[in-house]
Amino acid sequence: MNRRDFARKVTALSLATSPLARILGANDRIRMGFIGVGGMGTADLQYFLRTGQVDVVAIADPYGPHLEAAVGLTSGQARGYKDFRQVLDLKDIDAVAIATPDHWHAIPTIMACEAGKDVFVEKPLSHTLHEGRAIVQAAQKHDRVVQVGTQQRSAAHFQKAVELLRSGKIGRVTSVETWLLSRRPVSGFGNPPDTDPPQSLDWDLWLGPAPYHVYNPNRCIQNFRWFWDYSNGMLTDWGVHLIDVVHWAMGVEAPRTVSFAGGKYVVQDNTETPDTFDVTYEYPASAASGKEFLLRFHCRLTNDHADQGSEPWHRILWNRWHASGEPGRLHLVAGAAGIEGQSDPIGGGRFGQPLVAALCSRAEFSRLRPVAPEAEFGR
Ligand SMILES: NC(=O)c1ccc[n+]([C@@H]2O[C@H](COP(=O)([O-])OP(=O)(O)OC[C@H]3O[C@@H](n4cnc5c(N)ncnc54)[C@H](O)[C@@H]3O)[C@@H](O)[C@H]2O)c1
């Protein structure tokens, strides 16, 4: 299959409302490699397998237990590798899915483009702005499809929110708020000592382009997102999801100015990124705002009693748009979207059920605490 065919099929899959089998012929399968198969990579692998349209040819991960479990999900069909470069060397792979820690997104994505593979890469696209631009350039230069895993766009209640906002029903929008409130323990992830890495982990390969640091369990699997060398904390981990929806709804691509205040004020562990912060983004005029508008993203990791947190699910996220003047505010909370005061929110049921699992259509329930099971939504 050539890349034009792949691109056409990705588009077709994205738009599909009928079973995927009706779109792709029985012999027209996508041969995929998976790079990084921890929490999200494994979920991605399962979503792709569920389409029934993908052959998983190879999987790479420097952490043995994750690699073995993922190969097991393919009933042993996939070849397992520690080093992702061996996956990219395989000529019989059309596309790769990358779900490594953020500091390892750019290099395999660019190398995959150079090797003629299309890419599904988890959010955030990159660890730095520079890397993000390099990825865009590589995709353009090698004429590849590169898609980022921001699955909110596939959910009915997000689509409804965008439609409501763009319909003008809440008036001209000048202010958007989005938040992440949770009730994490002040002790955080504790202070485990530096130690030798487990034998089943290639720590050098895991670190890759990051500065060398002695192994510490908090710096590695799952918790890497709280360290500057590998991630940017909640600002990008959740911020990507929250702010992507705002950009989509408001029809903007980037803010004009950004101001940040915050820090690690509360949590007492060896992680680094802020637990408490406010960011204000100022955007240029858009069709939905008519003029400039402000977006405020605030994060309180150890306190879910902030002003928006009166309903339990509000502490999970999401967005609230304020119109200037009549008729009011649009709420987009976990599982539902609706205009304040009106009783016809869409969603409210189990997010994801009506969705077709496809290349860019993924949905799942939260693995967080079950506070409001019908309304909670996973990253
Ligand atoms: N779209 C979403 O909703 C969503 C949700 C969770 C995580 N994510 C993203 O997925 C990515 C992974 O997060 P996670 O929570 O699954 O972390 P994780 O630690 O559970 O998994 C990361 C895996 O990548 C492996 N890895 C590290 N370096 C590698 C390399 N060079 N080659 C191949 N594999 C390598 C690790 O060993 C680990 O198994 C992050 O970028 C995160 O932002 C997205």
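The protein has 10 helices and 14 strands, and I should say at once that we are looking at a predicted model. Of its 379 residues, 43% are buried, and among the contacts with a separation of 6 or more, 67% are between residues 24 or more positions apart.

Let me turn to the ligand, which is surrounded by 29 residues, with Gly36, Gly38, Met40, Tyr63 and Glu122 being the closest. Two elements, helix 2 (39-51) and helix 8 (203-207), each give two or more residues to this shell, and helix 2 gives the most, with 3 residues. By character, the shell divides into 13 nonpolar, 10 polar and 6 charged residues. As for where the ligand sits relative to the domains, both domain 1 (3-149) and domain 2 (155-188 + 215-347) give residues to the shell, so the ligand lies between them.

I would like to spend the remaining time on helix 7, which runs over residues 156-167 and, with its 12 residues, reaches 16 Å from the first C-alpha to the last, close to the 16 Å expected at 1.5 Å a residue. Which residues of helix 7 are buried? They are His157, Phe158, Ala161, Val162, Leu164 and Leu165, and, seen down the helix axis, these buried residues fall within an arc of 165 degrees, so they line one face of helix 7. The general background is that an α-helix has 3.6 residues a turn, so residues three or four places apart point the same way. Finally, just after helix 7 comes Gly168, which takes a positive phi of about 85 degrees.

Terms used
Residues numbered from 1 in each chain as written. Predicted model: local features only at pLDDT ≥ 70, side-chain atom pairs only at ≥ 80, totals over all residues. Near = placed C-beta within 6 Å. Helix = DSSP H or I, 4+ residues; strand = E, 2+ residues; numbered from the N terminus. Nonpolar A, V, L, I, M, F, W, Y, C, P; charged D, E, K, R; others polar. Domains from an automatic or database assignment. Expected span 1.5 Å × (residues − 1). Buried ≥ 20, exposed ≤ 12 C-beta atoms within 10 Å, placed from the backbone. Arc of directions from axis to C-beta. Contact = placed C-beta atoms within 7 Å.
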